[in-house]
Amino acid sequence: MTAEADPRRGRLARLARVQYRLLTFALVRLRHRRSAALLATGGTAIALALVTMTLVLQSAVEDRAFADALRAAAQPGVVIGTPLTTNAVSSREKLTEQIARDGSAFQPSAGFVTPDKSLLFMEDDLGADFELDSGRLPRPCTRNRCEYVSTESSVVTGFIVGGAGGPLRVPGVRAVKVGVVHVKSSSLIPFLHNERVAVVSGFRLLQDRKLTVGQGGLSWSAPFSNIVRHPWDVDRSIERLTRLRSNLARITDPLFMDSQFDVLRAGRSDAATAGRRLLVVSGAMIGVFVAFLVLVATRLRADAELLRERLAIANASRAQVRFLTLFEYLVTTLAGMLIGVVVGEIAGAAFAERLRGAGVDSALHVAASGRSWLVWAAAGAAALAVFVLVVWIRTTKLAEIGAAIAAVALVTGFLNGGLDASRIGDANAGVIAFVILAPALAATVVAVAGARLFRPLLLLFARLAARLGTSTRLAALSLARRPGDAAVLVAFVGATLGLALFLAAYRTTLDRSQHDQIAYATPADVLVSEDLRALVAVNTVPLARFPGERKLRVMRAAGGIPQLDNGGFTLIGIPAADLGELKGWRSDFSDLGLNEVGRRLQPPSNVGFRAVPLPANRTVVTFPIKASGDVLDISATLLSATGDFQDVSVGDTHRARLRLVMPKAFRGGSLVGFSFQPGGTAPNPNAGELADEVALGSLRIGPVAWADFSRFRGVNGVAARPSHHTVRVRYAVGTEAVARLRMTPPTDGRLVKIAVSPDLARAAGARGVLPIDVLGTQVGARVVAVVNHFPTVAGNVVLADQQWIATALNAADPGPPFYNEVWIDDRQPQRVERSLARPAFLGMSVASRDSVAQASRSSTMVRAVRDLFLVGGLAAAALAVLGMVLTANADVRTRRWEILDLRAQGADRRWLGAFVRRRLVISCAFAGLVAAAAGTALVFATVSLLRIGADFRQPDPPVRMAVPWTLVAVAALVLAGLTGLLAGALVRGQLRELGRSRT
């Protein structure tokens, strides 16, 4: 047994010594060729550092988006509550102890109704939920004295302090009011927003059994920031809250918990959607990483052939040569991957912190995430697969097979909507993977195609290069004779620089899209509109009081096309003569220029609204009348100086005079006309609607010395015969339509000229006639222009002259304001904003281009996207330079017999250096052409991908491609110069070494 074991141990010992010598030999080779090893390690580290940095920034962006989503939620936290009982003090202590044991920072509070119907609220930390308006916060209640503050609100529902609004009365305790507070907008006690409540500090009053018997409850509240800090903690937080609810239910019953699990899950989903915009950079860098590995493996394949020749005299086996090659490859690649992961984690954390994100937490999450380890494991597997396929298998069809697979994947992904921006937010893992890999797949197809065209184009170049010198022609012929390594360089540089161009164009396009969206949202420096929360109409302030050099009156209203199911649109009425001054218009919005659209919309004559001026300085005016027939109720329609309409009852036809008491806001206004309704109309008991009763008769109004009725006409059952100061009317007035006596508007018998969206234009008749319904009023219109988009409008738009459309709408049924927005342009928009802070404008919504731009550009997500794309493009360019330098470093070694042959024929070192450099220049020049083709193809073939990176919603206006050709040209010159310097130095060193070895 021992005799058999000794030979086995001897063989193992010899094998170990051989392997040790092989490792020692490999390490010596790496030290000897440290420049190539450092280049390979550095390139791998850069690529994987960018991938890791993208993962960290994606987590940071998701974290910031998650926090924003939770802050915007209607219920910003978790509330636990239980009804008040006679043992409220004991219940509160037990529940508070259990909640504290769970580790969450909940704020305890209590509220109940006192015997005098006052709503009383108590809490320890009042500053967390209430903000002081006047006075001071109360001190904790004592046995005989209890200080309180009250909340004041303009809306009062339910109980109020003291029942009738008086002071708080607490049996046996002297209550003293010490201040007034209001509930913070972020508070978790929203029911107090609409109440007047007495608020006390502490829970001393819970000991009074008389107070606690009645309606009320104990509650514990915590904002989401105390429950969950990051989106990746949502599941653990939900599990902890569920466990807490079960534990509390054992102590008291009933118990409720407003846990808002759906809010947490929705916030996490929104955060994931926001973070996916960075995946494009990650996908591009994965493509660069694989391409660099292919280049390194190709260099090793050439070295393996040389190594096999050298070790053949030492009887080295094929397996030993493979072991040496694999060891060198793994040392350089794995070292680069390890360095890249560490550098990417640190750089990502620092970058995220600079963007006001949770950089350290995001980096730690990425380091512990299974997804990250899967990405790194996939990178390692890709590295090993590339080595096996390129160095060991060495199939001549490998590139073609890979390009075919990439092409099939691209076509399949496109056909299945993989780059549909409207679907990507809810996409599955397969679609997300396609989004990540799409740039790399496209670059692979173009790069392989360029590499295969390299040899025939080189032969053509060699024929054309006869006049460029012997060294240039020989360099071209040398490359054409053995294009394998050079073709790999062409494919690598083409793919890498193509992806760099893609990222640069991506970033430039996002910048332009951001600029376009800002201008689209704010076509003027400042936009003033009605705030739906305050409901202060813009026209309540005369236009002359608005600040600014140029002020446009704008009407915005919703409308529809009756014959279209999806014919909803936004009406924009704006002075047609001023259209050309607007910002935010692009040439692709219409076949017509904006000035031409404005010219076509201009009315042919004055279309101002007509009305009779009311007497100045009079509060009451009368109209003599004489009537016969059925009774009519009569109202006068008034128009204020600011453009508001109002119907004021002036009497009925039983009287001899109609008496108009002018409202204060309408003094100095105008009389639009009269409206009539049958007197004494009653509900229809059968239909439940107003009975369609008809009143018949005649009426004379006037004479009225200050009124000219000559242009008055009747509608809807009213026939008028006007003279200057008198109008005679015959009427048959029903209840189905409002009968009116009004001035003849200049729009009667005319079609309003409008510009519409393409979908609405297709619904117009042969002559362009299109009836539109706006605010329940139908207006005849004629389409004179088609616009795909118009600033501030998402969806279908109808554009018209403001005065024309306002007159047409109010002629049939007065009511809509002539304008409800004011667009202001000024050379000093900040001054306009300060002026709009005056009390007269406080209830209005003010949006300025500067504020919109500041909010957009300061966004963490936007800054992360822009900066990461810049870093990704620079890293891809740096890897391209490293690849070219690595090729130049190995070119002399792999072509040594060819160089020695030229030297034997009389070529000196200077000529040989020029020969080697020209080989590199020709390869890199052709690689640059492939890169331009790859980048351009990526940019124009993945427009949908650009939308995904900008936003997961369809942008408005649509993204328009922007390629920074000037920047690309400058970058190409810089890269060429840098590559030439580095490669020249390495080539000179290699030639000197080769010369010394031959001597």
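This passage describes a buried helix, several salt bridges and the surroundings of one strand residue in a predicted model.

Helix α19, which spans residues 802–812, is largely enclosed by the rest of the structure, because nine of its eleven residues are buried. The buried positions in α19 are Q802, W804, I805, A806, T807, A808, L809, N810 and A811. At the start of this helix, the backbone nitrogen of Q803 is approached by a side-chain oxygen of D801, which reaches to within 3.3 Å of that nitrogen.

Salt bridges number 18 in the structure. One of them is formed by the side chains of R586 and D516, with an N to O distance of 2.8 Å. R586 is placed in the loop between β12 (569–573) and α17 (594–601), whereas D516 belongs to helix α16 (residues 484–521), so the pair ties together parts that are 70 residues apart in sequence. Both members of this pair, R586 and D516, are buried.

The salt bridge between the side chains of R236 and D233, at 2.1 Å from N to O, joins residues that are classed in opposite ways with respect to accessibility: R236 is exposed, its relative accessible area being 52%, while D233 is buried, with a value of 13%. As the cut-offs are over 50% for exposed and under 20% for buried, the value of 52% places R236 in the exposed class, and that of 13% places D233 in the buried class.

In a further salt bridge, D759 is paired with R762, and the closest N and O atoms are 2.1 Å apart. Here D759 is partly exposed, with a relative accessible area of 42%, and R762 is exposed, with a relative accessible area of 62%. Elsewhere, R136, R139, R145 and E147 are joined into one network by salt bridges that share partners.

Attention may finally be given to Q107, a residue of strand β2, which comprises residues 107–113. Q107 is buried, its relative accessible area being 16%, and its side chain takes part in two contacts described here. The side chain of Q107 is joined to that of E123 by a polar contact of 3.5 Å, and the side chain of Q107 also reaches the backbone oxygen of D125 at 3.0 Å. When residues up to four places away in sequence are not counted, the residues touched by Q107 are E123, D125, A128, D129, S219, W220 and S221, so that E123 and D125, the partners in the polar contacts, appear there beside residues such as W220.

Notes: Residues are numbered from 1 along each chain as its sequence is written. This is a predicted model: local features need pLDDT of at least 70, side-chain atom pairs count only at pLDDT 80 or more; totals for chains, interfaces and linings use all residues. Side-chain values use heavy atoms; hydrogens and water are left out. Buried means under 20% relative accessible area, exposed over 50%, partly exposed in between (1.4 Å probe, protein chains only). Helices (H or I, at least four residues) and strands (E, at least two) are DSSP runs, numbered from the N terminus. A polar contact is a pair of N or O atoms within 3.5 Å; within protein, one must be able to donate a hydrogen and the other to accept it, and residues adjacent in sequence count only if both atoms are side-chain atoms. A salt bridge is a side-chain nitrogen of Lys or Arg within 4 Å of a carboxyl oxygen of Asp or Glu. Contact means heavy atoms within 4.5 Å.
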